[in-house]
Amino acid sequence: MAEFAHYQCPEVQLADLDTEAELIFPEIYAQLALEPSSRRHAIWWLSIDNSPAFASVRGWLEGRHGEVSAGGLPRALVRDVRARRLRRRLRADSRVQHYFQSEYARRVIANRVGAGGSMLTDYVAQAPVPAPPERASTVAYNPRKGGRFVARLARRMPDVTFVPLENMTPVEMATTLSASTIYLDAGHHPGRDRIPREARLAGCVIIVARRGSAANDTDVPLPQQYKFSYGRKTDELRVLIRDCLSRPAVHAARQDSYTSVIRAQRGAFQDEVRKAFGP
């Protein structure tokens, strides 16, 4: 795909690969890594909560525990049984190598599967856009990341404009972020999410829910005041948003170290690739 061309990973057919090549499966296909094969298999744990090995966790996080399957059983129960079965298989198969896109994923696999592995993170590349003449006092957010929570918050702040990031091209996304003051992410952060990093590079003040990868300071090294506890009470969050809108330069400066970390991630990723696969 054109949007991923900068990663310089050409497409190849499985039949054309050397027999010594390692097959790396994303976390959503973790079960395929356990299939019998003469090749070496690995799992790259990207958005770990999206894996079928942890699907029951995701269902609870997204509030889908009340759904019922076609067989009449609660979907959460079905997901949980399948997830437990897959985790047992992962624990029993020491042949599978593990790569982690986030420290959050590394900790989950260590605690739930009892396996180690290598860090293999990623980096973001921001689409170039002209700088806006002036930032608007707006809060950008992704409706797919805690959208119901943000909608409830917006109703409590009718004087503040919340801008949903949806149905946008990469350039439109970058343009919107460059014109916004805050990027608010109320999602469950299944890995090192892309948009918070792109938003910080675009100059937004970042506020995230203290969940998933955003709960630790390795994946999302923001000052703690910009991480809110997820719940129904939003008083402190609303105070923070208003202060960020009234003093954006002050709050942006407090996140300069996070910006530096994001800019260094490409080099870190290249080092991880060399360490994992050689020169």
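Two strands count as paired when DSSP finds at least two bridges between them. With that in mind, welcome to a set of close-up views of a predicted model.

**View 1. The protein at a glance: 10 helices and 9 strands.**
Before zooming in, here is some orientation. The protein has 279 residues, and buried residues make up 44% of them. Among contacts with a separation of 6 or more, 59% join residues that lie 24 or more positions apart.

**View 2. Strand 5 and its bridge to strand 7 at Tyr141.**
Tyr141 has Leu184 as its bridge partner in strand 7. In that strand, Tyr183 stands opposite Ala140. Strand 5 and strand 7 (residues 182–185) run parallel and are joined by 3 bridges. Which way do the side chains of strand 5 (residues 138–141) point? Thr138 and Ala140 point one way, while Val139 and Tyr141 point the other way. Buried or exposed, then? All four are buried.

**View 3. Strand 5 and strand 6, with helix 4 between them in a β-α-β unit.**
Here we turn to the other partner of strand 5. Strand 6 (residues 161–164) runs parallel to strand 5, and 4 bridges join the two. Phe162 of strand 6 stands opposite Val139. Together with helix 4 (residues 147–156), strand 5 and strand 6 make a β-α-β unit, and the unit is right-handed. Helix 4 lies across strand 5, strand 6, strand 7 and strand 9, and runs at about 160° to strand 6.

**View 4. The open sheet of 5 strands.**
Stepping back a little puts those pairs into their setting. The strand order is 6-5-7-8-9, and the pairing is parallel. Which strands stand at the edges? They are strand 6 and strand 9 (227–228); each has a single partner strand, so one side of each has no neighbour in the sheet.

**View 5. The open sheet of 4 strands, with helix 3 across it.**
Now for the other sheet. Its strands follow the order 1-2-3-4, and the pairing is parallel. The edge strands are strand 1 (22–26) and strand 4 (118–119), each pairing on one side only. Strand 1 is joined to strand 2 (residues 40–45) by 5 bridges, and the two run parallel. One pair to look for is Glu22 with its bridge partner Arg40 in strand 2. Helix 3 (residues 103–112) lies across strand 2, strand 3 (97–100) and strand 4, and runs at about 145° to strand 3.

**View 6. The crossing of helix 6 and helix 9.**
Two packed helices are described by the angle between their axes and the distance between the axes. Here, the axes of helix 6 (residues 194–201) and helix 9 (residues 256–263) come within 10 Å and cross at roughly 115°. Angles of 65 to 115 degrees count as roughly perpendicular, and helix 6 and helix 9 are therefore roughly perpendicular to each other. The crossing of helix 6 and helix 9 is left-handed. Which residues make the contact? From helix 6 come Pro196, Arg197, Arg200 and Leu201, and from helix 9 come Asp256, Tyr258, Thr259, Ile262 and Arg263.

**View 7. Positive phi values at Asn167 and His189.**
Most residues other than glycine have a negative phi. Asn167, which is not a glycine, has a positive phi near 55°. His189 also has a positive phi, of about 50°, although it is not a glycine. Where do the two residues sit? Asn167 is in the loop between strand 6 and helix 5, and His189 is in the loop between strand 7 and helix 6. Their surroundings make a nice contrast. Asn167 has a relative accessible area of 80%, and exposed means over 50%, so Asn167 is exposed. His189 is at 2% relative accessibility, and the limit for buried is under 20%, so His189 counts as buried.

**View 8. Ala174 in helix 5, with Pro128.**
Our last stop is Ala174, which has its place in helix 5 (residues 170–178). Its relative accessible area is 7%, and buried means under 20%, so Ala174 is buried. How far apart are Ala174 and Pro128 in sequence and in space? They are 46 residues apart in sequence and 7.5 Å apart in space, C-alpha to C-alpha.

How values were computed. Residues are numbered from 1 along each chain as its sequence is written. This is a predicted model: local features need pLDDT of at least 70, side-chain atom pairs count only at pLDDT 80 or more; totals for chains, interfaces and linings use all residues. Side-chain values use heavy atoms; hydrogens and water are left out. Contact means heavy atoms within 4.5 Å. Axes are lines fitted to C-alpha atoms, for helices over the stretch in contact, and angles run from 0 to 180 degrees between N-to-C directions. Buried means under 20% relative accessible area, exposed over 50%, partly exposed in between (1.4 Å probe, protein chains only). A crossover is right-handed if, with the strands pointing away from the viewer, the path from the first strand over the helix to the second runs clockwise. Angles under 35 degrees count as roughly parallel, over 145 as roughly antiparallel, 65 to 115 as roughly perpendicular and the rest as oblique. A crossing is left-handed if the near helix is turned anticlockwise from the far one by less than a right angle, and right-handed if clockwise.
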